[in-house]
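Hi everyone, thanks for coming. Have a look at the slide while I talk you through a few spots.

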Amino acid sequence: MDALVKLLLLVLALALTGAAPASASRQYATIDYYVQQMIAAAIAQDAIGVLTFREQLENLRRPEEGDPWQARPFNQLGQEQLTDGRFRQALLAFRQGFIADPTDPEIADHLGLTYLRLNRLKEAERLLVYALSLAPARAATWLHLGQVYGQMGDARRANGAFANAHSFAADQPRTIEQLRQLATTDAADAVRIGALQALQGLLPAPAAGVAPAISPLPQSPAEPAPFQPVPEAASKPSPATAGDLFAALRRGLMDLAKPTTTATPPTASTPGTEAPDQDNPGQRIYRRGVALTCLIVSLENGKTSNLGSGLLASPDGLVITNHHVIEKARNLAVRCGDRESVARVSKRSRQPDLALLTTSLESSESFAFDPTYNQNLIGLEVFVIGNPYGLESTFSTGIISGLREIDGVRYIQISAPISPGNSGGPVILRDGAVIGVATMGLKVGQNLNFAIASAELIASGIFDPARMKVSR
Amino acid sequence: MSARHYWMLALLLAAGPASMPHFAHGSEQNRFYAQQMIERAVAHDETGVAAMQLMLEQNPRPAPLDAAVAQAALRRGQAALQADDLDAAMGAFQQAGKNDPGNAEAFNYLGLVYRKLDRLPEAEHALLQALALEPTRAVAWFQLAQIYALMNDVRRARGALANTYRYAQNPMRAEEILRNIAENEAADALRAAALETLRLFQLPVEETIVPPLAVNPDIVPIDKLPSNPP
């Protein structure tokens with residue numbers, strides 16, 4: 001009975017005082033409070049405020065140290081995978097590293113950055129805020145946190161975090177350059193605005209060279225990082241065989257139905273055609289995408305044996321398609337827009353069903369890939385360009401209906417109608433980035449079609465991610 | 001939580017020990033409180049969990065019969081565990097617990113060995129004993145969650161995982177462990193429990209992708225689709 005009396009008294013005491021015990025989530029709330037105060041002080045250009053709250057963070061009780069020896073290899077592995085654009089694998093590696101040693105601010109920062117790359121912004125924010133509790137003056141972490149807030153659409157906090165990145169940076173000119181880059185090229189409006197505001201707060205005159213940054217998003221993705229040249233032998237098909245194949249290609253293409261208009265997008269100056277509506281996303285995507293979408297013709301003994309689609313993935317003429325499109329081809333010919341080339345299989349993979357073709361179709365433009373793969377995609381409008389039954393450059397639309405993992409491969413289920421001949425073609429988001437490669441369909445039902453997710457393509461290694469434009 | 005809820009909680013708790021057989025007191029009663037910590041955690045009732053924790057912490061620890069023998073047995077058990085000699089480890093940890101019934105570590109290890117031996121009810125019993133002695137022992141809560149998951153009891157696994165997170169020395173590390181389980185664990189029950197725990201604390205986690213589909217013979221490359229679908 002003693003115990004019961006004690007319990008009743010205890011419960012009564014708790015009820016009367018309303019005192020809730022300290023919880024695990026309060027630890028984070030405390031850290032977050034100080035970090036937010038540092039951001040607010042930075043926005044107000046209050047250096048003393050920043051210093052005060054930095055000290056508060058530094059005075060918090062340090063978490064128990066982990067095992068740095070166990071953590072280090074994971075960190076190394078994660079960095080390699082992050083550089084290669086293998087974000088999911090990087091996440092697993094950094095997580096293991098973080099679990100082994102949660103007191104290493106670099107690992108916590110890398111984990112946060114990986115979440116940012118995966119567009120998992122809440123997790124990214126939490127990890128980066130936590131990393132700042134370990135090292136409140138770590139400039140790289142502030143820079144990443146600024147990008148997270150910008151991606152969240154919060155330009156104000158992005159500005160504050162960027163300002164802190166600059167004030168704590170050991171190499172301030174480099175940070176200014178990084179901010180300039182963000183202010184001019186980042187795809188998210190709030191990142192650009194936040195970076196620009198931070199620069200304006202830092203520099204006496206308006207930030208040179210970044211004035212026009214606050215403008216509507218460019219319709220096409222920003223210019224990619226410089227691409228590495230492809231070795232000549234790998235990128236250029238032998239000219240000796242090109243003549244024969246072109247002739248065969250022309251014969252093959254003669255048999256195919258062609259669109260009534262030329263594959264080159266119509267322009268305003270074309271007589272008898274109306275200028276496309278600039279605000280219509282479908283027209284905009286078609287005009288840009290059609291020249292980058294390819295018809296792939298498999299030839300056997302000079303005759304067309306199979307048709308498919310592909311997408312131009314790099315300025316040096318690399319084309320991505322499905323493995324099953326080229327599986328039995330003896331010779332391959334490719335037409336992207338109004339240009340033709342023979343093609344050679346550079347890489348192929350049955351699972352995921354992808355192939356990389358080398359062509360001579362150098363181009364100033366190529367598709368960018370969106371690495372997103374989460375439930376937020378569902379419901380987004382998508383556009384498909386391809387060559388169903390040889391009907392060149394057929395354009396269709398639909399939505400993303402679901403995410404499916406089949407035999408370990410990540411697919412995007414789409415409602416856009418596709419048919420034989422669409423295989424290997426791009427599935428495009430409203431911003432022009434490719435979200436998947438049309439690959440499969442369900443024989444029964446209506447418009448239950450599947451595209452290999454760009455995230456899977458990026459992770460597959462079929463195409464060097466360094467040469468790939470990845471939209472962010 | 002309103003005052004009415006506190007009284008209801010008190011009555012609920014009072015009913016538990018009162019309904020126990022006359023001889024069942026002490027450790028039985030403490031295990032009951034540890035179980036209540038799980039129930040309160042499932043209900044996300046922090047105050048209730050804290051009340052049970054305080055109740056357990058107020059109990060005096062049983063005095064060791066022979067602390068030196070218990071320590072020696074504990075070390076022997078650890079060595080046997082390392083050598084994967086589970087039967088020897090079990091015997092040693094049992095001896096440690098008998099000689100020092102207030103030694104939470106001994107019961108924690110005993111629970112671990114029972115789990116490895118697939119003796120789940122005994123593992124649960126030993127871990128509850130460890131938690132009755134030391135209710136903030138996060139590692140024991142985590143092991144208990146694994147036991148419940150193996151028993152396919154997602155609800156109690158969730159409660160135990162919630163207490164793992166609540167008492168974790170580094171909550172951010174615990175959060176990341178939970179996310180790792182929620183996204184990568186192969187065992188459904190544990191994965192589901194981790195996911196629910198993250199949601200319980202409103203912690204971010206990637207929305208689960210639909211589970212991998214069994215191979216569907218109707219899904220074919222586009223080029224093999226029939227010309228005229230039904």
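So, how are H9(A) and H11(A) oriented to each other? They're oblique to each other, because oblique is what's left over when an angle isn't under 35 degrees (roughly parallel), over 145 (roughly antiparallel) or 65 to 115 (roughly perpendicular).

Before the details, some housekeeping. This is a predicted model, where local features need pLDDT of at least 70, side-chain atom pairs count only at pLDDT 80 or more, and totals for chains, interfaces and linings use all residues. Residues are numbered from 1 along each chain as its sequence is written, and chains are lettered from A and ligands numbered from 1 in the order in which they are written.

Back to our pair. Helix H9 of chain A covers residues 155-168, helix H11 of chain A covers residues 189-202, and they pack at about 50° with their axes 8 Å apart. Axes here are lines fitted to C-alpha atoms, for helices over the stretch in contact, and the angles run from 0 to 180 degrees between N-to-C directions. Helices are DSSP runs of H or I with at least four residues, strands are runs of E with at least two, and both are numbered from the N terminus. The crossing of H9(A) and H11(A) is right-handed, meaning the near helix is turned clockwise from the far one by less than a right angle; anticlockwise would be left-handed.

Who's touching whom? On the H9(A) side you'll find, among others, Ala158(A), Phe162(A) and His166(A), and they meet H11(A) residues including Ile193(A), Gly194(A) and Leu202(A). Contact means C-beta atoms, placed from the backbone, within 7 Å. The residues of this contact split into ten nonpolar, five polar and no charged. For that, Ala, Val, Leu, Ile, Met, Phe, Trp, Tyr, Cys and Pro are nonpolar, Asp, Glu, Lys and Arg are charged, and the others, Gly among them, are polar.

Zooming out, chain A has 16 helices and 14 strands. Of its 472 residues, 49% count as buried, which takes 20 or more other C-beta atoms within 10 Å of a residue's own; 12 or fewer is exposed, in between is partly exposed, and C-beta atoms are placed from the backbone.

How far can we trust chain A? Its average pLDDT, the predictor's confidence in each residue from 0 to 100, is 80, and 77% of the residues score at least 70. Residues 16-22 of chain A, though, are below 50, and residues 251-273 of chain A stay under 50 as well.

Now chain B. Here helix H2 (residues 27-42) and helix H3 (residues 46-58) pack at about 165°, axes 8 Å apart, so H2(B) and H3(B) are roughly antiparallel. Their crossing is left-handed. Tyr33(B) and Met37(B) are among the H2(B) residues that meet H3(B), whose side includes Val49(B) and Leu56(B). This contact divides into eight nonpolar, four polar and one charged.

Last, some backbone oddities. Most residues other than glycine have a negative phi, and most peptide bonds are trans. In the loop between H2 and H3 of chain B sits His44(B), with phi near 55°; with 13 C-beta neighbours inside 10 Å, it's partly exposed. Asp118(B) has a positive phi of about 65° and is exposed, with 9 other C-beta atoms within 10 Å. Finally, a cis peptide bond joins Gln351(A) and Pro352(A), omega about 0°.

Conventions:
Two residues are in contact if their C-beta atoms, placed from the backbone, lie within 7 Å.
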